[in-house]
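Could you walk me through this structure in my viewer, one selection at a time? I'd like to know what to pick next and what I'll find there.

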Amino acid sequence: MADSSPAQGALARAAAAVPPPGLLLISIVSIQLGAAVAVDLFPVLGPVATAFLRLAFSAALLLAATRPTIGPGVRRHVGALLLYGAILGVMNLSFYGSISRIPLGIAVAIEFVGPLGLAVVTSRRPRDFAWIALAVLGIVLLTPQIGSELDPLGVVLAGAAGLCWAGFAVMSQRIGKAMPGNSGLAIAMLVAAVVVLPVELAVGGLAGLTPGLLAAAIAVAVLSTALPWSLEFEALKRMTARSYGILVTLEPAVAAAVGAILLGQAVGVQGLLAIVCVTAAALGVTVSDRRDSGD
C-alpha cells in the first residue's frame, strides 16, 4: 500500500514548500475564523459541546488523512501521545469557555501569555528580548480592561489555555520528531475528544444539535483545528520553539481584526497600535531567524 494518496502527497509537498512563517500565518487566520463561527454556536450548544464537536470531527478528519502512516510504533510513544491529547483537550475547553465570557481579541491576547513565556524562557540573544518587549506592548494595548471590566473566570480560562498552548508547542516538536507525518497529531486529537467527552456528558448541550449546526461544527473543526494545527505541526518541525513563540504574536492582532469584522467588536486606535506592535515583532524575529539560519 502506498504511504499516501496523490492528493495527500501533493498537499504535503505544497506545505513543505511554504516557509514556516507562511504556514503559521495561514494557520492563525484560519483559527480565528473558526473561533468566530464557534461563538455563533454557543447560544444553542454551549462552549463544552462545541469544543467536543470540534475535537471529534477534527480527529476523524486527521485520522482519515493519516491512517496509512499509523503503525505499531505508536505503542512506543503512548505516554507522550496521552499527554499531548490531554493538553489539547484542556486547551480547547479553556479557550471556548473564555471566549464565551470575554471578547475574542482580548481572550486571545491573554492566552498568548503562554507561548510568549515560552519565547522568553528559550531566548538567548539580546535582540530577541527587544522583539519580545514590543510584542508585550502590543498585548498590553489589546487588553486594557483586564482586572476591571472583564469576567474573572473568562480571564482565568484564557490564561489556562495559554499554558496549554505553550505545552502544545513543546509536545508538537517532540511528537513531530518521533512519529511520521501528522499521525501523532491525529491520535492526540482523538485522545483530546475522549478527554472532553465526560465533561460534555455532564454538562450536556448536544440535544439542541440540528443539521445546520452540525455543518457549522464541521466548519469549525476544519477552520479551527484540522487545517491550522496540521500547518502548525508542520511548521514546528522546521523552526525553534522560541521563533514559534514570538511569531504567533500575530494571533491577538488577527483575533482583534476578526472580532471587529465578524463579531462587531470595534478595534479602535489602541487596537491599531497593537496590531502594528505585534506585526513588527513577528517580522523582526522572522528576519532575524532567517539571517541566523542562512536562509
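At roughly what angle do the axes of helix H4 and helix H11 cross? Keep in mind that this is a predicted model, then select residues 104–111 for H4 and residues 250–262 for H11. Their axes cross at roughly 170° and come within 7 Å. With angles over 145° counted as roughly antiparallel, H4 is therefore roughly antiparallel to H11.

Next, show the side chains where these two helices touch. On H4, pick Leu-104, Gly-105, Val-108 and Ala-109; on H11, pick Glu-251, Pro-252, Ala-255, Ala-256, Val-258 and Gly-259. Coloured by class, this contact shows seven nonpolar residues, two polar and one charged.

Now turn to the surface and select Leu-25, Val-29, Leu-33, Ile-261 and Leu-262, which make a nonpolar patch of about 450 Å². Helix H2 (20–66) and H11 each give two or more residues to this patch. H2 gives the most, with three residues, and Leu-33 is a good one to centre on if you want to view H2.

Conventions: Residues are numbered from 1 along each chain as its sequence is written. This is a predicted model: local features need pLDDT of at least 70, side-chain atom pairs count only at pLDDT 80 or more; totals for chains, interfaces and linings use all residues. Side-chain values use heavy atoms; hydrogens and water are left out. Axes are lines fitted to C-alpha atoms, for helices over the stretch in contact, and angles run from 0 to 180 degrees between N-to-C directions. Helices (H or I, at least four residues) and strands (E, at least two) are DSSP runs, numbered from the N terminus. Angles under 35 degrees count as roughly parallel, over 145 as roughly antiparallel, 65 to 115 as roughly perpendicular and the rest as oblique. Contact means heavy atoms within 4.5 Å. Ala, Val, Leu, Ile, Met, Phe, Trp, Tyr, Cys and Pro count as nonpolar, Asp, Glu, Lys and Arg as charged, and the others, Gly among them, as polar. Patches are made of residues with over 30% relative accessible area and no salt bridge: like charges are joined within 9 Å, nonpolar side chains (Val, Leu, Ile, Met, Phe, Trp, Tyr) within 5 Å. Accessible areas come from the Shrake-Rupley method with a 1.4 Å probe; for residues, only the protein chains shown count as cover. A salt bridge is a side-chain nitrogen of Lys or Arg within 4 Å of a carboxyl oxygen of Asp or Glu.
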